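User: Hi! I have a protein model open and I'd like to talk it through with you. Could you help me read it?

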Amino acid sequence: RPFVILPCCVFPTQFPHRRLSTISAAAVDPTPDLQSEDGDEGMWQEPPGLVNPRATAQGPDKSGSVTSFAQLVAWLLQEGGPSSQRTNLAFQGANVAVYRT
């Protein structure tokens with residue numbers, strides 16, 4: 001089924017079932033492209049306090065838990081199946097979208 005999600009907050013303690021597969025964890029981009037098509041930077045910054053301090057910039061902590069925004073996007077892509085995609089929308093703020101057509 002088609003879908004679009006604009007992820008925002010991670011809330012790892014409220015959603016402990018979110019786990020990245022080994023393949024998805026390896027694909028987590030610790031510095032995701034946060035620029036709009038016209039080159040504006042700083043479109044999204046992860047809110048403080050939502051990141052697990054045990055998680056590294058390279059991927060999830062040893063439990064595989066989703067604890068950062070980049071990991072949440074990777075998890076949504078993983079759960080959305082092989083045809084799901086990610087894009088940045090052309091406006092400021094939380095502009096990352098995960099979708100499948």
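User: Let's start simple: how many helices and strands are there in the protein?
Analyst: Happy to help! Keep in mind that this is a predicted model. The protein has two helices and three strands.

User: And in what pattern do they follow along the sequence?
Analyst: Reading along the sequence, you get β-α-α-β-β.

User: What percentage of the residues count as buried?
Analyst: The protein has 101 residues, and 38% of them count as buried.

User: What about the accessible surface, how much is there?
Analyst: It comes to about 6200 Å². Carbon and sulfur atoms account for 55% of that surface.

User: Which residues make up the largest nonpolar core?
Analyst: That core has 11 residues in all. They are Val-10, Leu-20, Val-66, Phe-69, Leu-72, Val-73, Ala-74, Trp-75, Leu-76, Val-96 and Val-98. Helix H2 (69-80) and strand S3 (96-100) each give at least two residues to this core.

User: Where does the largest share of this core come from?
Analyst: From H2, which supplies six residues.

User: Let me pick one core member. What does Val-96 touch?
Analyst: Leaving aside residues up to four places away in sequence, Val-96 touches Ile-5, Leu-6, Pro-7, Phe-69, Val-73, Arg-86, Thr-87 and Asn-88.

User: Arg-86 is on that list. Where is the place of Arg-86?
Analyst: Arg-86 sits in strand S2 (residues 85-88). Its relative accessibility is 29%, so Arg-86 counts as partly exposed. The C-alpha atoms of Arg-86 and Ala-97 are separated by 5.7 Å, and these two residues are 11 apart along the chain.

User: Back to the core: is Leu-20 buried or exposed?
Analyst: Leu-20 is buried, because its relative accessible area is 10% and buried means under 20%. You can find Leu-20 in the loop between S1 and H1. Its C-alpha atom is 6.7 Å from that of Ser-65, 45 residues away along the chain.

User: Which other loop residue can I compare with Ser-65 for C-alpha atoms?
Analyst: Try Phe-15: its C-alpha atom and that of Ser-65 are separated by 9.1 Å, with their positions 50 residues apart along the chain. Phe-15 also lies in the loop between S1 and H1. At 29% relative accessibility, Phe-15 counts as partly exposed.

User: Then what about Thr-22, where is that found?
Analyst: Thr-22 is in helix H1. Thr-22 counts as exposed because its relative accessibility is 70%, and the cut-off for exposed is over 50%. The C-alpha atoms of Thr-22 and Gly-64 are 8.2 Å apart, though the two residues are 42 apart along the chain.

User: So what share of the contacts join residues at least 24 apart?
Analyst: Among contacts between residues at least 6 apart in sequence, the share is 61%.

User: Changing topic! How many disulfides does the structure hold?
Analyst: Zero. A disulfide is a covalent bond between the sulfur atoms of two cysteines.

User: Why do Cys-8 and Cys-9 not form a bond?
Analyst: The closest cysteine sulfur to that of Cys-8 is in Cys-9, at 3.4 Å, and that is too far for a bond. The cut-off for a disulfide is 2.5 Å. Cys-8 is partly exposed, with a relative accessible area of 37%. Cys-9 is partly exposed as well, with a relative accessible area of 28%.

User: Okay, now the outside. Which residues form a nonpolar patch on the surface?
Analyst: Val-4, Leu-6 and Phe-91 do, with about 270 Å² of accessible area together. Leu-6 lies in the loop between strand S1 (3-5) and helix H1 (22-26). At 43% relative accessibility, Leu-6 counts as partly exposed. Leu-6 also appeared earlier among the residues that Val-96 touches.

User: One last thing: what is phi of Phe-11 near?
Analyst: Phi of Phe-11 is near 45 degrees, which is a positive value in a residue other than glycine. Most residues other than glycine have a negative phi. Phe-11 is located in the loop between S1 and H1, and its relative accessibility of 35% makes Phe-11 partly exposed.

User: Great, thanks for walking me through this!
Analyst: You're welcome, enjoy exploring the model!

Notes: Residues are numbered from 1 along each chain as its sequence is written. This is a predicted model: local features need pLDDT of at least 70, side-chain atom pairs count only at pLDDT 80 or more; totals for chains, interfaces and linings use all residues. Side-chain values use heavy atoms; hydrogens and water are left out. Helices (H or I, at least four residues) and strands (E, at least two) are DSSP runs, numbered from the N terminus. Buried means under 20% relative accessible area, exposed over 50%, partly exposed in between (1.4 Å probe, protein chains only). Contact means heavy atoms within 4.5 Å. Accessible areas come from the Shrake-Rupley method with a 1.4 Å probe; for residues, only the protein chains shown count as cover. Patches are made of residues with over 30% relative accessible area and no salt bridge: like charges are joined within 9 Å, nonpolar side chains (Val, Leu, Ile, Met, Phe, Trp, Tyr) within 5 Å. A salt bridge is a side-chain nitrogen of Lys or Arg within 4 Å of a carboxyl oxygen of Asp or Glu. A nonpolar core is a set of buried Ala, Val, Leu, Ile, Met, Phe, Trp, Tyr and Cys residues joined through side-chain atoms within 4.5 Å.
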